[in-house]
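User: I would like to go through this model with you step by step, starting from its nonpolar core. Please reason from the coordinates and end each reply on the name or value I ask for.

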Amino acid sequence: DAAEKGGYEHYMRKEIHEQPTSLRQTLSGRIDVERGDADLDVAFPQGYLESLQEIQLVACGTSYYASQYAARLLEEFADVRATVEIASEYSFDGGRDPWRTLVIAVTQSGETADTLGAIRRAGGAGARTLAVTNTLGSSVTRETEDSVFIRAGPEIGVAATKTFASQVTTLALLAVEIGRQRGSLAATDARAVLEDLRGLPGAVQQVLDEEDRVLEGAKRFADADAFFFVGRQFGYPVALEGALKLKEIAYDHAEGFAAGELKHGPLALITGDTPVLSVLTERSRPDETLNNVTEAQTREAPAIGVTDGTVETDSLDLELEVPDLGYVTPLVANVYFQLFAYHIADLQGRSIDKPRNLAKSVTVE
Ligand code: AGP
């Protein structure tokens with residue numbers, strides 16, 4: 001067991017640290033930066049992508065948050081309506097021509113019963129289906145027309161970490177591929193996105209090199225009553241994912257909010273013992289988010305922010321830096337949240353790799 005953890009005390013920390021490698025695997029052989037092309041080797045029928053009317057993503061938990069991130073990328077690059085639904089809530093409505101709706105099941109394990117049920121309903125109603133999974137030969141790959149593998153490598157910790165990063169990255173490639181095919185993404189824009197994706201492993205490594213600062217922050221705030229995570233746009237699913245990690249492994253009360261929603265209710269919960277963690281990066285409306293954070297600080301809340309230098313952040317209690325990688329900067333910010341959750345849980349002596357009441361894959365509906 002110790003050997004398998006490669007010197008780390010927990011699989012989760014090992015898997016967080018594996019991200020530069022797993023992201024390289026995800027990208028390997030799939031991008032041509034100079035030409036601005038991405039190719040996931042999916043055999044869509046001739047003309048299918050051009051005639052596509054809608055993309056629906058179905059998923060649970062962390063995969064659902066990855067899908068929320070991806071839907072924004074799909075809308076941005078592929079000029080197609082993209083919706084996301086929690087798999088257990090999903091029912092397919094594909095209108096008169098269901099085949100023109102592509103339904104994507106996003107599932108690390110490929111065995112999640114809710115997601116399998118959702119994709120079965122979509123396929124049964126005539127939609128075209130695609131699996132985005134980490135697991136070769138998993139059940140989901142037998143339910144769908146096509147499969148794409150995120151290539152993150154085995155993930156043992158119950159808390160998903162490296163697979164979130166690889167899911168978003170794979171779906172970003174799909175968004176580029178579809179956008180190029182549909183003519184909605186110019187080669188120069190695609191090139192810039194692919195450059196940023198190629199920069200991910202290095203950027204994540206820079207965050208990992210700052211782990212001591214995260215540990216210091218975790219020590220400062222480990223006794224908090226609750227943790228609030230806020231973000232906008234691409235920062236919003238990352239806020240939700242950050243909160244889920246803390247809930248799962250630290251058993252602390254944590255909530256993710258769209259930053260603009262704080263003032264519509266949750267602000268009433270803010271005290272000096274509720275740290276607010278925020279994503280303050282470009283393309284995530286950092287100025288407005290910072291205003292929301294300042295409102296929380298006025299109510300004594302400590303503020304921890306992940307920034308790429310686009311806003312003035314002197315007022316933060318703890319500032320964590322990420323390089324600017326365009327659309328995927330919040331994905332890099334997420335690594336700070338993973339480390340934060342890990343250390344808060346570790347300081348409390350939690351059973352990090354096998355949290356109480358949870359299973360790695362949930363095979364009941
Ligand atoms: C993530 O940390 C959780 N353990 C959980 O939310 C998980 O993402 C969810 O159960 C979906 O799993 P899947 O990706 O294997 O379908």
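User: Which helix gives the most residues to the largest nonpolar core of the chain?

Analyst: In this predicted model, the largest nonpolar core holds 121 residues, and L57, A70, A172, A175, V176, V332 and Y336 are the ones that touch the most other members. The greatest contribution to this core, twelve residues, comes from the helix spanning residues 329-347, namely helix α12.

User: Which residues does L57 contact, leaving aside its neighbours within four places in sequence?

Analyst: L57 is one of the core residues that touch the most other members, and A70, another of these, is also among its contacts. With neighbours within four places in sequence left aside, the contacts of L57 are S67, A70, A71, A82, V84, I104 and V106.

User: Which strands stand at the edges of the open sheet of five strands?

Analyst: The sheet is open, with parallel pairing and the strand order β4-β3-β5-β6-β7. Two of its strands have a single partner strand each, so one side of each is left without a neighbour in the sheet. Averaged over neighbouring strands and with direction ignored, the turn of one against the next is 20°. The edge strands are β4 (81-86) and β7.

User: Which residue of β4 is the bridge partner of A59?

Analyst: Strand β3 (residues 54-59) runs parallel to β4, and six bridges join the two. Within β4, the residue paired with A59 by a bridge is I86.

User: What angle does the direction of helix α4 make with that of β4?

Analyst: Helix α4 (residues 61-78) packs on the sheet, where it touches β3, β4 and β5 (101-107). Helix α5 (residues 113-124) also packs on the sheet, touching β3, β5 and β6 (128-133), and its direction makes about 165° with that of β5. For α4 and β4, the angle is about 170°.

User: Is V148 buried or exposed?

Analyst: V148 lies in strand β7 (residues 146-149), which stands at an edge of the sheet. Not counting residues up to four places away in sequence, V148 touches L40, V42, L130, V132 and T170. Because 21 other C-beta atoms lie within 10 Å of V148, and 20 or more is the cut-off, the residue is buried.

User: What is the radius of gyration of the chain?

Analyst: The C-alpha trace spans about 55 × 45 × 40 Å along its principal axes, and buried residues make up 54% of the 365 residues. A compact globule with 365 residues would have a radius of gyration near 21 Å, with which the chain agrees, because its own value is 20 Å.

Technical notes: Residues numbered from 1 in each chain as written. Predicted model: local features only at pLDDT ≥ 70, side-chain atom pairs only at ≥ 80, totals over all residues. Rg over C-alpha atoms; globule rule 2.2 N^0.38 Å. Buried ≥ 20, exposed ≤ 12 C-beta atoms within 10 Å, placed from the backbone. Core = buried A, V, L, I, M, F, W, Y, C linked by C-beta atoms within 7 Å. Helix = DSSP H or I, 4+ residues; strand = E, 2+ residues; numbered from the N terminus. Contact = placed C-beta atoms within 7 Å. Pairing = 2+ DSSP bridges. Axes fitted to C-alpha atoms, helices over the stretch in contact; angles between N-to-C directions.
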